Amino acid sequence: MDLHYKDQGIGYPILLIHGLFGSLSNLGLLAKHLERLGYRVISVDALNHGLSPRVAKMDYQTQAKAIYTLCNTLNIEECAIVGHSMGGKVAMTTAQLYPTLVSALVAADIAPVAYNHNHQAVFAGLNGFDVSQVTSRSQADGLLAQHIKEPGVRQFLLKSLTKSEQHWHWLFDVPLLAENYTNITGWQTFGAFNKPCLFIKGQNSDYIVNQYQQEVAQQFPKAELKIISDTGHWLHAEKPAIFNRLTEQFLAKHI
């Protein structure tokens, strides 16, 4: 169950993990930024995403084990991890389960809690047509728009639409993500991680709210919080310069 990854740069290793419906390219601007600063950057396709394996069970313990296995394969004994949304939960679980591996972590717009959020419109859009029968990216956008009104969400999804052998397909496994959706929105803690953590919140996002402060403090006692103003859940794409700077400053201080 070897994860697909991109390895760039030389230096202290930083793992980057994308969110739901994404791929390793999502944090590409941060990867290039960190590489220029002298880090080794490993960008990962999560399970059931990109070119990584398809698995029936996709809870966070399984995802964290896949990260740990990848680090062993790459002979990485210690690293920092940056994760967005679902990827942030993978990063947090990896830190809790394998604390000697993780020196510091950055969780982008996600908290260590179970969510009541749903992606019903997204799944309805993805399941609303046979992707292998579309003839263009613009046609797929129009079909998604029947269920997904936000252009930004559609454009994000369309980044994972690719063509091979004359047929279009998604780089994520829609049925397996639907089957594992309660695992993805859920949360199981594996104890406290007593090393530096940075939570970065998008001001306009509801993924990190005041009521989650107790859970964060209990599980990540050394956590600090930064807020990027006028930004939603995809803060790394909306304001990459600020996001990259906050991540850079945190890593420089703690590793």
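Three salt bridges turn up in this predicted model. Side chains of opposite charge can pair when their charged atoms come close. One of the bridges joins R40 and D7, with nitrogen and oxygen 2.6 Å apart. R40 sits in strand β3 (residues 40-44) and D7 in strand β1 (residues 5-8), so this bridge links parts of the chain that are 33 residues apart in sequence. D7 is partly exposed, at a relative accessible area of 34%.

Another bridge pairs D141 with R154, and here the closest N and O atoms are 2.7 Å apart. This one runs from helix to helix: D141 belongs to α5 (residues 137-144) and R154 to α6 (residues 151-158), so parts that are 13 residues apart in sequence are tied together. Both ends are tucked away from solvent by the numbers, with D141 buried at a relative accessible area of 18% and R154 buried at 12%.

That leaves K57 and D59, whose side chains meet at 3.5 Å, N to O. The two partners sit in contrasting surroundings: K57 counts as exposed, at 53% relative accessibility, whereas D59 is buried, with a relative accessible area of 16%.

Turning to the cysteines, the disulfide count is zero. C79 takes part in no disulfide, and the nearest cysteine sulfur, in C71, is 4.3 Å away. A disulfide would need the two sulfur atoms within 2.5 Å, so the C79 sulfur and that of C71 do not make a pair. C79 is buried, with a relative accessible area of 0%. For C197, the closest cysteine sulfur is the one in C79, 13 Å off and too far for a bond. C197 is likewise buried, again with a relative accessible area of 0%.

Next come the aromatic side chains, which form 11 pairs in the structure. A pair of aromatic rings is described by the distance of the centres and the angle of the planes. Take Y68 and Y98: their ring centres are 4.2 Å apart and their planes lie at 10°, so this pair is stacked. Y68 is part of helix α2 (residues 60-73), while Y98 is in the loop between α3 (86-97) and β5 (102-108), so the stack ties together parts that are 30 residues apart in sequence. Y68 is partly exposed, with 32% relative accessible area, but Y98 counts as buried, at 19% relative accessibility.

Y115 and Y212 meet in another way: with centres 5.8 Å apart and planes at 85°, their rings are edge-to-face. Y115 comes from the loop between β5 and α4 (120-127) and Y212 from the loop between β8 (197-202) and α9 (213-219), so the contact bridges parts that are 97 residues apart in sequence. Y115 and Y212 are both buried. Elsewhere, F21, F123, W170, F172 and Y181 come together in one aromatic cluster.

Then there is the empty space. Rolling a probe the size of a water molecule over the atoms shows where empty space is left. Searching the whole structure gives one cavity of 30 Å³ or more, and the volume of the largest cavity is about 40 Å³. Its lining is made up of L3, I17, V44, A46, L47, Q63, A66, I67 and V90. Helix α2 supplies the largest share of that lining, three residues. In character, the cavity lining has eight nonpolar residues, one polar and no charged.

The largest pocket has a volume of about 630 Å³. Its lining counts 38 residues, and N118, H119, Y207, H233 and W234 are those lying nearest the pocket centre. Several helices contribute to the walls: α3, α4, α6, α8 (181-185) and α10 (235-238) each provide at least two of the lining residues. Sorted by class, the lining of the largest pocket comes to 17 nonpolar, 16 polar and five charged residues.

Notes:
Residues numbered from 1 in each chain as written. Predicted model: local features only at pLDDT ≥ 70, side-chain atom pairs only at ≥ 80, totals over all residues. Heavy atoms only, no water. Phe/Tyr/Trp six-rings, centres within 6.5 Å; stacked < 30°, edge-to-face > 60°. Helix = DSSP H or I, 4+ residues; strand = E, 2+ residues; numbered from the N terminus. Buried < 20%, exposed > 50% of the residue type's maximum accessible area, 1.4 Å probe, protein only. 1 Å grid on protein atoms, 1.4 Å probe; cavity = no way out; pocket = protein on both sides within 12 Å on 5 of 7 lines; lining within 4 Å. Points joined across faces, edges and corners; volume = space filled by probe spheres on them. Nonpolar A, V, L, I, M, F, W, Y, C, P; charged D, E, K, R; others polar. Salt bridge = Lys/Arg side-chain N within 4 Å of Asp/Glu carboxyl O.
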